[in-house]
Every structure is written in C-alpha cells, then in structure tokens.
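This report concerns aromatic contacts and charged side chains. The sequence and the model follow.

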Amino acid sequence: MIEDCAKEGKEADELIKIFTSFISDEISDFNIDLYYQNTDYIECSYKEGKLLA
C-alpha cells in the first residue's frame with residue numbers, strides 16, 4: 001500500500017501518513033474484520049478517507 005500510494009522518493013512520508021491515519025486504528029481494532037480484508041479494499045478505503053461499504 002505504501003508503494004502504491006507514495007510518490008517516488010516519498011515512501012517514508014507516506015508510511016507516516018498511513019500509520020497516523022484512521023486506517024491504522026481501524027486495522028488494529030480486532031473487534032472488526034478489517035485486518036482480514038483484501039488489501040485492495042483497505043487501500044481504497046484509505047484513499048477515500050473512510051471505510052467503504
């Protein structure tokens with residue numbers, strides 16, 4: 001996801017953005033199944049700024 005979302009040379013910045021975004025908290029919530037979802041779904045949700053239905 002980092003490589004897909006980051007501009008070349010900005011991978012470290014993207015890593016920080018992802019880990020400080022809502023998606024990191026959602027993935028860490030093991031009461032929901034986001035951790036087990038397809039990585040494309042997680043990436044699209046991150047890009048949209050919300051979990052997709």
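The structure contains 2 aromatic pairs. Rings of Phe, Tyr and Trp (its six-membered ring) are paired if their centres lie within 6.5 Å; planes under 30 degrees apart count as stacked, over 60 as edge-to-face and the rest as tilted. Phenylalanine 30 pairs edge-to-face with tyrosine 35, at 5.4 Å centre to centre and 70° between the planes. Tyrosine 35 also pairs with tyrosine 36: the centres are 5.0 Å apart and the planes stand at 85°, so this pair is edge-to-face. Through these ring pairs Phe30, Tyr35 and Tyr36 are linked into a cluster.

The model is predicted: local features need pLDDT of at least 70 and side-chain atom pairs count only at pLDDT 80 or more, while totals for chains, interfaces and linings use all residues. Residues are numbered from 1 along each chain as its sequence is written, and side-chain values use heavy atoms, with hydrogens and water left out.

Burial is classed by relative accessible area (buried under 20%, exposed over 50%, partly exposed in between; 1.4 Å probe, protein chains only). Within the aromatic cluster, phenylalanine 30 is exposed because its relative accessibility is 59%. Tyrosine 36 is likewise exposed, at 64%, whereas tyrosine 35 is partly exposed, at 46%.

The whole structure holds 3 salt bridges, each defined as a side-chain nitrogen of Lys or Arg within 4 Å of a carboxyl oxygen of Asp or Glu. They are listed below.

| Lysine | Acidic partner | Closest N and O atoms |
|---|---|---|
| Lysine 10 | Aspartate 13 | 4.0 Å |
| Lysine 17 | Glutamate 14 | 3.8 Å |
| Lysine 47 | Glutamate 43 | 3.0 Å |

Helices are DSSP runs (H or I, at least four residues), numbered from the N terminus. Glutamate 14 and lysine 17 both belong to helix H2, 3 residues apart, about one turn of the helix. Glutamate 14 is buried at 8% relative accessible area, and lysine 17 is partly exposed at 49%. In helix H4 (residues 39-48), lysine 47 and glutamate 43 are 4 residues apart, about one turn of the helix. Here glutamate 43 is buried at 11%, while lysine 47 is exposed at 52%.

Glu3, Asp4, Glu8, Glu11 and Asp40 form a surface patch of negative charge. Patches consist of residues with over 30% relative accessible area and no salt bridge, like charges being joined within 9 Å. Glutamate 11 is located in helix H2 (residues 11-19) and is partly exposed, at 33% relative accessibility.

Key
Patches are made of residues with over 30% relative accessible area and no salt bridge: like charges are joined within 9 Å, nonpolar side chains (Val, Leu, Ile, Met, Phe, Trp, Tyr) within 5 Å. Accessible areas come from the Shrake-Rupley method with a 1.4 Å probe; for residues, only the protein chains shown count as cover. Lys and Arg count as positive and Asp and Glu as negative; His and the chain ends are not counted. The place of a charge is taken as NZ of Lys, CZ of Arg, CG of Asp or CD of Glu. Helices (H or I, at least four residues) and strands (E, at least two) are DSSP runs, numbered from the N terminus.
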